[in-house]
Amino acid sequence: MAEREPDVTADQQVIRVMVVDDHPMWREAVARDLADAGCHVVATAGDGREAVRRAPAAAAQVVVLDLNLPDLPGVEVCRQLMAHQPTPRVLVLSASGEHADVLEAVKSGATGYLVKSASREELLDAVRRTAVGDPVFTPGLAGLVLGEYRRLAAEPAPTDARTPAAPQLTERETEVLRLVAKGLSYKQIADRLVLSHRTVQNHVQNTLGKLQLHNRVELVRYAIESGLDEEQ
């Protein structure tokens with residue numbers, strides 16, 4: 001499918017999206033819906049290796065990724081995409097709602113997970129939210145993911161792990177991190193703290209840098225391990 005430039009005004013923020021799915025009709029339909037909604041579909045791919053190969057030049061903000069791909073599984077594609085700079089955010093769009101698939105996708109670095117039974121409006125909303133870093137899950141799966149974070153945080157650290165010096169977070173960064181650990185979206189955090197969405201994003205990015213973490217999955221685990229998800 002040829003790339004489509006969106007019809008937008010100068011003050012609109014256009015989301016660059018790459019669509020990865022091995023079914024041509026489905027891939028083209030998703031790409032068309034996204035383009036019609038104002039996104040810039042910068043690339044499409046029909047298998048995992050093609051996706052990894054095309055991703056650096058495409059420089060998508062969001063990759064809509066199927067899990068069941070030829071040659072290279074979707075979770076491995078996600079892991080490899082996480083090594084790219086700039087790192088895209090991955091929204092898994094899969095026919096599977098199996099808990100094991102959801103958790104594996106999140107562990108590989110996916111920001112969100114949507115099943116293919118979702119409506120067009122749900123997909124468009126998920127892409128927009130994924131673009132700004134909000135975790136997006138098909139209803140019923142968010143609790144599963146948060147539960148897995150808690151389980152991982154409860155596991156003992158390796159005996160040979162070295163304990164680094166505690167990073168110095170500001171009071172506001174700690175406050176934002178506490179709400180992230182409770183599963184709130186960036187918009188919910190902004191509303192709770194009476195901040196702009198962009199300010200919340202900046203606090204999260206600064207915290208990731210200070211903690212030397214790479215994504216929200218690692219950030220939530222750190223917060224839970226630090227007890228920041230407990231009621232204050």
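**Exercise 1.** What is the order of the strands in the open sheet?

*Solution.* The model is predicted: local features need pLDDT of at least 70, side-chain atom pairs count only at pLDDT 80 or more, and totals for chains, interfaces and linings use all residues. Residues are numbered from 1 along each chain as its sequence is written, and side-chain values use heavy atoms, with hydrogens and water left out.

Step 1. Strands (E, at least two residues) and helices (H or I, at least four) are DSSP runs numbered from the N terminus, and two strands pair if DSSP finds at least two bridges between them.

Step 2. The open sheet has 6 strands in the order β2-β1-β3-β4-β5-β6, with parallel pairing.

Step 3. β2 (40–45) and β6 (136–137) are the edge strands; each has a single partner strand, so one side of each lacks a neighbour in the sheet.

**Exercise 2.** Trace the chain from β3 to β6.

*Solution.* Step 1. Strand β3 (residues 62–65) runs parallel to β4 and is joined to it by 4 bridges; Val-64 has Leu-91 in β4 as its bridge partner. Between these strands the chain passes through helix α3 (residues 74–81), in a right-handed β-α-β crossover. Right-handed means that, with the strands pointing away from the viewer, the path from the first strand over the helix to the second runs clockwise.

Step 2. β4 pairs with strand β5 (residues 112–115) over 4 bridges, also in the parallel sense, and Leu-93 is matched with Leu-114 in β5. Helix α4 (residues 99–107) carries the chain from β4 to β5, and this β-α-β crossover is right-handed.

Step 3. β5 and β6 run parallel, joined by 2 bridges, with Tyr-113 opposite Phe-137 in β6.

**Exercise 3.** Is strand β4 largely enclosed or open?

*Solution.* Buried means under 20% relative accessible area (1.4 Å probe, protein chains only). In β4 (residues 89–94), 5 of the 6 residues are buried, so the strand is largely enclosed by the rest of the structure.

**Exercise 4.** At what angle do helices α8 and α9 pack?

*Solution.* Step 1. Axes are lines fitted to C-alpha atoms, for helices over the stretch in contact, and angles run from 0 to 180 degrees between N-to-C directions.

Step 2. Helix α8 (residues 186–193) packs on helix α9 (residues 197–211) at about 110°, the axes being 8 Å apart. This makes α8 roughly perpendicular to α9 (65 to 115 degrees).

Step 3. In contact (heavy atoms within 4.5 Å), Tyr-186, Lys-187, Ile-189 and Ala-190 of α8 meet His-197, Val-200, Gln-201 and Val-204 of α9.

Technical notes: Buried means under 20% relative accessible area, exposed over 50%, partly exposed in between (1.4 Å probe, protein chains only). Angles under 35 degrees count as roughly parallel, over 145 as roughly antiparallel, 65 to 115 as roughly perpendicular and the rest as oblique.
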